[in-house]
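Q: Can we walk through this protein together? I'd like short answers, please.

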Amino acid sequence: MATETTKGRRTCIGCGGQGRKGALLRVVRGADGGVSFDATGRAPGRGAYVCSPECFAAACKAKKLDRALRCRLGEQDYERIAGEMTASGVRCAKED
């Protein structure tokens, strides 16, 4: 009998769905306080995960990203991070 483990699984702050760490997009607040998109998923700092650009937009609108990263972000920060996600070309693989 196999049991399903939650090790290595993360929760999207936008929709609450779960997925593998590598399948989600990570936003990180570094030690210097700067917030950016983490294309590698390995940058040091406090991270928050979203499963799609749509969930990122929803999380920004509801200020969920601010709460998850424990900092205040402005409109310019949200736009810059969204631009970094788009420019990286990284696509997420949404799981059920």
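A: Sure. Among contacts in the protein between residues at least 6 apart in sequence, 50% join residues at least 24 apart. Contact here means heavy atoms within 4.5 Å.

Q: Where does the model come from, and how is it numbered?
A: It is a predicted model, where local features need pLDDT of at least 70, side-chain atom pairs count only at pLDDT 80 or more, and totals for chains, interfaces and linings use all residues. Residues are numbered from 1 along each chain as its sequence is written, and side-chain values use heavy atoms, with hydrogens and water left out.

Q: Which helices and strands make up the protein?
A: There are three helices and five strands. From the N terminus the order is β-β-β-β-β-α-α-α. Helices (H or I, at least four residues) and strands (E, at least two) are DSSP runs, numbered from the N terminus.

Q: How much of it is buried?
A: Of the 96 residues, 34% count as buried. Buried means under 20% relative accessible area, exposed means over 50%, and partly exposed is in between (1.4 Å probe, protein chains only).

Q: And the surface: what area does the protein expose?
A: About 6,200 Å², with carbon and sulfur atoms supplying 50% of it. Accessible areas come from the Shrake-Rupley method with a 1.4 Å probe; for residues, only the protein chains shown count as cover.

Q: What about the inside? Which residues touch the most others in the largest nonpolar core?
A: Val27, Phe56, Leu65 and Met85 touch the most other members, out of 21 residues in that core. Strand 3, strand 4, strand 5 (46-50), helix 1 (53-61), helix 2 and helix 3 each give two or more residues to it. A nonpolar core is a set of buried Ala, Val, Leu, Ile, Met, Phe, Trp, Tyr and Cys residues joined through side-chain atoms within 4.5 Å. In soluble globular proteins, nonpolar side chains tend to be buried together.

Q: What does methionine 85 touch?
A: Leu25, Val27, Phe37, Val50, Phe56 and Val90, not counting residues up to four places away in sequence.

Q: New topic. How many salt bridges are there?
A: The structure holds three. A salt bridge is a side-chain nitrogen of Lys or Arg within 4 Å of a carboxyl oxygen of Asp or Glu.

Q: What does arginine 26 pair with?
A: Aspartate 38, with the closest N and O atoms 2.7 Å apart. Arginine 26 is in strand 3 (residues 25-29) and aspartate 38 is in strand 4 (residues 35-38), so the pair ties together parts that are 12 residues apart in sequence.

Q: Are those two buried or exposed?
A: Both arginine 26 and aspartate 38 are buried.

Q: Which residues form the network of salt bridges?
A: Asp77, Arg80 and Glu84. The closest N and O atoms of aspartate 77 and arginine 80 are 3.5 Å apart. Glutamate 84 meets arginine 80 at 3.1 Å, N to O.

Q: Why can they reach each other along the helix?
A: Aspartate 77 and arginine 80 are three residues apart in helix 3 (residues 75-88), so about one helical turn separates them. Glutamate 84 and arginine 80 are four residues apart in helix 3, again about one helical turn. Arginine 80 is partly exposed, at 35% relative accessibility.

Q: Which side chain of opposite charge is nearest to aspartate 66?
A: Lysine 63, at 4.5 Å; aspartate 66 is buried yet has no salt bridge. Lys and Arg count as positive and Asp and Glu as negative; His and the chain ends are not counted.

Q: So what does the side chain of aspartate 66 make a polar contact with?
A: The side chain of tyrosine 78, at 2.4 Å. The backbone nitrogen of leucine 73 also lies 3.3 Å from a polar atom of the aspartate 66 side chain. A polar contact is a pair of N or O atoms within 3.5 Å; within protein, one must be able to donate a hydrogen and the other to accept it, and residues adjacent in sequence count only if both atoms are side-chain atoms.

Q: Back to lysine 63. What is its phi?
A: Positive, about 60°, although lysine 63 is not a glycine. Lysine 63 lies in the loop between helix 1 and helix 2.
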